[in-house]
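Please open the model in a viewer and keep the sequence panel visible. The tour proceeds from the whole chain to individual selections.

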Amino acid sequence: MDRPSSVLSSFGGASPSAPEQAAAVFALFIYPIKSCRGISVPRHASPPQVWFRWDRQWMVVNSKRRALTQRGQPKLALVEVELPVEAFSDGWEPNEGSFLVIRAPGMHVLKVPLKKTHDVVDGASVWEWSGSALDEGAEASEWFSNYLGIPCQLLRFNSGQPLIYPFFARHLLILFLSLTEKKCARGSQLFSWTQTMFSDGFPFLLISQGSLNALNQHLEDPLPINRFRPNILIDGCEPFSEDLWTELKISKLEFHGVKLCSRCKMTTINQENGVSGVEPIETLLKFRSDRILRPGNNPKGKVYFGQNLVCKESLSSGNGHMVKVGDPVYVFGKVSSPAHAAV
């Protein structure tokens, strides 16, 4: 990670510049089952801690209880999920008639109760994290095993244990803790901001429609935003402006840009048929690679598209602050170029 001061400045007590309205929220998304299709958050959505509670709350695991993703199981791209509309309302709690509804080609509809007693299983893992999770039962296991053709389980996040601190967030925290005492305290605060469930990295991914449009100008066949799985899609800013943002506000919530999002094989998987190709990675290498964006910074062949965010306000307890489609995005701090952004 190069030039850490660029991202650390906003945590270390520096005074932010005058706010700049840079964009507006265009769409919001969550992905209840890790690596399966996402859900567009309703326009009337309640505070982020309400809809965030469903993001990557479930995952499909193999016989070793290791998370399965589209990288190895591209058929997961075709798994559709549905939550009750009420699940996006503040204060709603599931009852015996509330279900996570799951569909896939050639399969019967699976209804997973949102309110049930679970068996706790140990040894579930996502990348470097491992811990306990909740088993959704034999019917769900059989459904996914038949669909993917390998032994599987559907696991739910165990809210009885601390939220996951993903590898990337822990890596960034180590950098914080190696700095001054003042920034060490800030780093500890960041630790509480990076809580997630079964995501690979940080709680939120932000991408601009302008960036997608710019990429599509280079492609023979334009791609939809679902290839990139953002939580927050914005519009109204210049392409790739989000690369530079280190401190921003949406509604009354303060977010921090902490890491450019490096993209992997999943972006090459067509979300309509599960077939993998070479795009957009092949094109991104031509103008969004670390060699081009960060010359002289020990390139490793990575490509970047989107900005990982953490939210300063705790998402484990409600504060009534809303993020909804149409909200303005204000930028308080940014770096001068992608070469100075954290990766």
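A residue is called buried under 20% relative accessible area, exposed over 50%, and partly exposed in between, with a 1.4 Å probe and protein chains only. By that rule, 56% of the 343 residues in the protein chain are buried. The model is a predicted one, in which local features need pLDDT of at least 70 and side-chain atom pairs count only at pLDDT 80 or more, while totals for chains, interfaces and linings use all residues. Residue numbers start from 1 along each chain as its sequence is written, and side-chain values use heavy atoms, with hydrogens and water left out.

**The whole chain**

Begin with a cartoon view. The protein chain has 8 helices and 15 strands; these are DSSP runs numbered from the N terminus, helices being H or I of at least four residues and strands E of at least two. Next, display the surface: its accessible area is about 14,700 Å², and 52% of it belongs to carbon and sulfur atoms. Such areas come from the Shrake-Rupley method with a 1.4 Å probe, and for residues only the protein chains shown count as cover. Among contacts (heavy atoms within 4.5 Å) between residues at least 6 apart in sequence, 73% join residues at least 24 apart.

**Strands β1, β15 and β12**

Select strand β1, residues 20-30, which contains leucine 28. Leucine 28 counts as buried because its relative accessibility is 1%. Add lysine 324: its C-alpha atom is separated from that of leucine 28 by 7.6 Å, although the two residues are 296 apart along the chain.

Now add strand β15, residues 328-334, which pairs with β1 in the antiparallel sense over 4 bridges. Two strands are said to pair if DSSP finds at least two bridges between them. Alanine 23 has valine 329 in β15 as its bridge partner. Strand β12, residues 245-250, also pairs with β15 in the antiparallel sense, over 5 bridges. There, tryptophan 245 is matched with lysine 334 of β15.

**Aromatic pairs**

How many aromatic pairs does a search of the whole structure find? The search finds 10. Rings of Phe, Tyr and Trp (its six-membered ring) pair if their centres lie within 6.5 Å; planes under 30 degrees apart count as stacked, over 60 as edge-to-face and the rest as tilted. Select tryptophan 54 and tryptophan 92, a tilted pair at 6.3 Å centre to centre with 55° between the planes. Tryptophan 54 is in the loop between α2 (48-52) and β3 (58-61), and tryptophan 92, 38 residues apart from it, is in the loop between β4 (80-82) and β5 (99-103). Tryptophan 54 is buried at 0% relative accessibility, as is tryptophan 92 at 15%.

Move to phenylalanine 157 and phenylalanine 198, which form an edge-to-face pair, 5.6 Å centre to centre and 75° between the planes. Phenylalanine 157 lies in strand β9 (residues 153-157) and phenylalanine 198 in the loop between α5 (181-193) and β10 (204-208), so the pair ties together parts 41 residues apart in sequence. Then select Phe228, Phe240, Phe287 and Phe305, which ring pairs link into a cluster.

**Charges over rings**

Show lysine 75 with tyrosine 147: the charged end of the lysine sits over the ring, 4.3 Å from its centre. This requires NZ of Lys or CZ of Arg within 6 Å of the ring centre and within 35 degrees of the ring normal. Lysine 111 is placed over the ring of phenylalanine 99, with its charged end 5.8 Å from the centre.
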